[in-house]
Amino acid sequence: MIPATRIAGFRPPGVCDTPIPQPDLRDLRNALGKFATGVCVITTRGPDGKLEGLTANSFCSVSLDPPIVLWSLRKDAGSLPTFERATHFCINILHARQVAMSQHFCSPRLNKFEGCSAEFTDGLDGVPILRDALATFECEQVERHCVGDHIVFYGAVRRYAYSQESPLAFHAGSYTTIQPLCD
């Protein structure tokens with residue numbers, strides 16, 4: 001059982017004026033890391049032609065009809081202005097053999113495509129698509145919202161593709177894979 005004092009926003013029954021405790025951010029991050037996620041490289045091409053890409057695990061499906069997905073980016077990310085001005089982006093979901101690609105795109109380098117541009121092809125509006133990804137979702141940006149310390153981007157899926165590789169996953173601060181429990 002988790003002690004009530006560690007639950008963010010916990011208020012004892014019947015007490016309305018108790019201040020909400022601020023969680024220890026490292027401890028909260030550890031707790032959030034218990035949720036296993038897939039790993040994506042999100043790419044775009046700005047109106048000026050600048051290519052941007054980053055590694056993220058903040059991706060999910062929102063709607064099937066119409067097909068809408070979302071992902072989020074820190075407000076202080078250097079790539080934010082390009083993603084805000086872009087009309088399209090691509091979610092490139094990585095497979096288990098693409099740890100190096102994930103690490104490449106989460107590095108602080110200025111040109112994320114240096115040394116790996118041959119692994120991409122042009123998609124809608126010239127957005128880079130990873131040729132060997134587990135799945136790709138070419139999206140038209142339809143909305144974005146500021147929420148906390150992130151900007152949430154919503155995209156209408158215009159084209160997609162996928163393969164049968166094993167997915168790359170991230171859990172508790174480490175790369176891992178996902179295997180079926182039974183056949």
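In the predicted model, alanine 172 touches Gly33 and Lys34, leaving aside residues up to four places away in sequence. The place of alanine 172 is in the loop between E11 and E12, and its C-alpha lies 6.8 Å from that of asparagine 30, although the two residues are 142 residues apart in sequence. With a relative accessible area of 43%, alanine 172 is partly exposed, because this value falls between the limits of 20% for buried and 50% for exposed residues.

The strands on either side of this loop belong to an open sheet of three strands, which has the order E1-E11-E12 and antiparallel pairing. Strand E1 (37–38) and strand E12 (174–177) are the edge strands, each pairing on one side only. Between strand E11 (residues 168–171) and E12, the antiparallel pairing extends over four bridges, and threonine 176 in E12 is the bridge partner of alanine 169.

A further set of antiparallel pairings involves E6, which is joined to E2 by four bridges and to E9 by six bridges. Across the first of these pairings, cysteine 40 stands opposite isoleucine 93 in E6; across the second, cysteine 90 stands opposite glutamate 138 in E9. E6 is mostly covered, six of its six residues being buried. In a regular strand, the side chains alternate between the two faces of the sheet. In E6, His88, Cys90 and Asn92 point one way, whereas Phe89, Ile91 and Ile93 point the other way, and all are buried.

Glutamate 138 itself is found in strand E9 (residues 135–147). Its relative accessibility is 8%, and glutamate 138 therefore counts as buried, since the limit for a buried residue is under 20%. The side chain of glutamate 138 reaches the backbone nitrogen of leucine 124 at 2.8 Å. Not counting residues up to four places away in sequence, glutamate 138 touches Phe89, Cys90, Gly123, Leu124, Ile129, Ala156, Val157, Arg158 and Arg159.

The largest nonpolar core comprises 20 residues, of which Ile42, Trp71, Leu73, Phe83, Phe89, Ile91 and Phe153 touch the most other members. At least two residues of this core are supplied by each of strand E2 (40–45), strand E3 (51–56), strand E5 (67–74), helix H2 (80–85), strand E6 (88–93), E9 and strand E10 (150–162). A second, separate core holds eleven residues, among them Val41, Met101, Cys116 and Leu168. Within the largest core, phenylalanine 83 is one of the residues that touch the most other members. The contacts of phenylalanine 83, again without residues up to four places away in sequence, are Ile42, Thr43, Thr44, Glu52, Leu54, Trp71, Leu73, Phe89, Gln141 and Phe153.

The largest pocket has a volume of about 1400 Å³. Its lining is formed by 39 residues, and the closest of these to the pocket centre are Arg29, Thr55, Asn57, Arg74 and His150. Two or more lining residues are given by each of helix H1 (25–32), E3, E5, helix H3 (99–105) and E11, with H1 giving the most, at six residues. E3 and E5 thus appear both among the elements that line this pocket and among those that supply the largest nonpolar core.

Note on methods: Residues numbered from 1 in each chain as written. Predicted model: local features only at pLDDT ≥ 70, side-chain atom pairs only at ≥ 80, totals over all residues. Heavy atoms only, no water. Buried < 20%, exposed > 50% of the residue type's maximum accessible area, 1.4 Å probe, protein only. Polar contact = N/O pair within 3.5 Å; in protein donor to acceptor, adjacent residues only side chain to side chain. Contact = heavy atoms within 4.5 Å. Core = buried A, V, L, I, M, F, W, Y, C linked by side-chain atoms within 4.5 Å. Pairing = 2+ DSSP bridges. 1 Å grid on protein atoms, 1.4 Å probe; cavity = no way out; pocket = protein on both sides within 12 Å on 5 of 7 lines; lining within 4 Å. Points joined across faces, edges and corners; volume = space filled by probe spheres on them.
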